[in-house]
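Here are my notes on this one, in the order I'd go through them with the viewer open. Shout if any point needs a second pass.

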Amino acid sequence: MSRKDAYKLIEKVHSYTNKEIDFSNYIKEYQEIEQEEFDIEYEFLGVSNGFLSELIYAITGYKVEVYGEVEELFTCPCCGYKTLTEPFNPKEGTGYDICPYCNWEDDGTTDIQSYCAINKGSMLDYRNKLRLNFNKYYTNKWLKN
Ligand SMILES: [Zn+2]
């Protein structure tokens, strides 16, 4: 099944089931997303094919292989996963993406120990938070370099 077909299938199931199937472990902050606002292509930008297969298995009970090129994203400086839609570059006016995996806002910080006002903490704090609140459904969601 292609990524496009996978999106269509997930979207269909999602719209039928409303909240009968708990997507929250798979789709970040699902509860806060209104049904109409749900933009599946955006939600799964850069997500691995393996994760989409896993999600389809969870919601349909069918094992399918999802194939197709994964959208190329930029590496989050905090967690190291490719989750950011643009690199931090104040000259170009890009950056300040919030990582959907670790929630770090990319403000150009490179020192993992320094306190960052936007993030109300350091990268090290965020990494520790991840270690403590480990979501097993997210382990293969994002790609690494
Ligand atoms: Zn991150």
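1. Start with the largest nonpolar core, which has 21 residues; the members touching the most others are Leu52, Cys76, Cys78 and Trp104. Three elements supply two or more residues each: helix H1 (3-17), H3 and helix H4 (123-132). H3 is the top contributor, with four residues. Both domain 1 (3-60) and domain 2 (73-133) feed residues into this core, so it sits between the two. As background, nonpolar side chains in soluble globular proteins tend to be buried together.

2. Bear in mind that this is a predicted model. The mean pLDDT for the protein is 85, and 82% of the residues score at least 70. Where is confidence lowest, and where is it highest? The low end is helix H2 (residues 40-43), with a mean of 80, and the high end is strand S1 (residues 74-75), at 96.

3. Overall layout: the protein has four helices and two strands, and reading from the N terminus the order is α-α-α-β-β-α. There are 145 residues, of which 21% count as buried. Take the contacts between residues at least 6 apart in sequence: 50% of them link residues at least 24 apart.

4. Helix H3 (residues 49-60) is worth a sanity check on geometry. Its twelve residues, at 1.5 Å a residue, should span 16 Å, and the C-alpha atoms at its ends are indeed 16 Å apart, so expectation and model agree. Which residues of H3 are buried? They are Phe51, Leu52, Leu55 and Ile56. Looking down the axis of H3, these buried residues fall within an arc of 135 degrees, so they line one face of the helix. Leu52 from this set is also one of the core residues that touch the most other members. Right after H3 comes Gly61, with a positive phi near 85 degrees.

5. Cys76 deserves a click, given its place among the best-connected core members listed in point 1. Ignoring neighbours within four places in sequence, Cys76 is in contact with Tyr81, Thr83, Leu84, Cys99, Tyr101, Cys102, Trp104 and Asp106. Trp104, in that list, is another of the core residues touching the most other members.

6. Now the N terminus. Met1 lies in the segment before H1. Is Met1 buried or partly exposed? It has 18 C-beta neighbours inside 10 Å, and because burial needs 20 or more, Met1 counts as partly exposed. Beyond its neighbours within four places in sequence, Met1 is in contact with Ala6, Val64, Glu65 and Val66. For Glu65, the C-alpha separation from Met1 is 6.0 Å, although the two are 64 residues apart along the chain.

7. Last, two backbone angles to look at. Most residues other than glycine have a negative phi. Tyr96, which is not a glycine, has a positive phi near 60 degrees, and Asn103, also not a glycine, has a positive phi near 75 degrees. Tyr96 is in the loop between strand S2 (82-84) and H4, and Asn103 is placed in the loop between S2 and H4 as well. Tyr96 has 14 C-beta neighbours inside 10 Å and so counts as partly exposed; Asn103, with 15 inside 10 Å, also counts as partly exposed.

Notes: Residues are numbered from 1 along each chain as its sequence is written. The expected span of a helix is 1.5 Å times one less than its number of residues. A residue is buried if 20 or more other C-beta atoms lie within 10 Å of its own, exposed if 12 or fewer, and partly exposed in between; C-beta atoms are placed from the backbone. The arc is that of the directions from the helix axis to the C-beta atoms. pLDDT is the predictor's confidence in each residue, from 0 to 100. A nonpolar core is a set of buried Ala, Val, Leu, Ile, Met, Phe, Trp, Tyr and Cys residues joined through C-beta atoms within 7 Å. Domain bounds come from an automatic or database domain assignment. Two residues are in contact if their C-beta atoms, placed from the backbone, lie within 7 Å.
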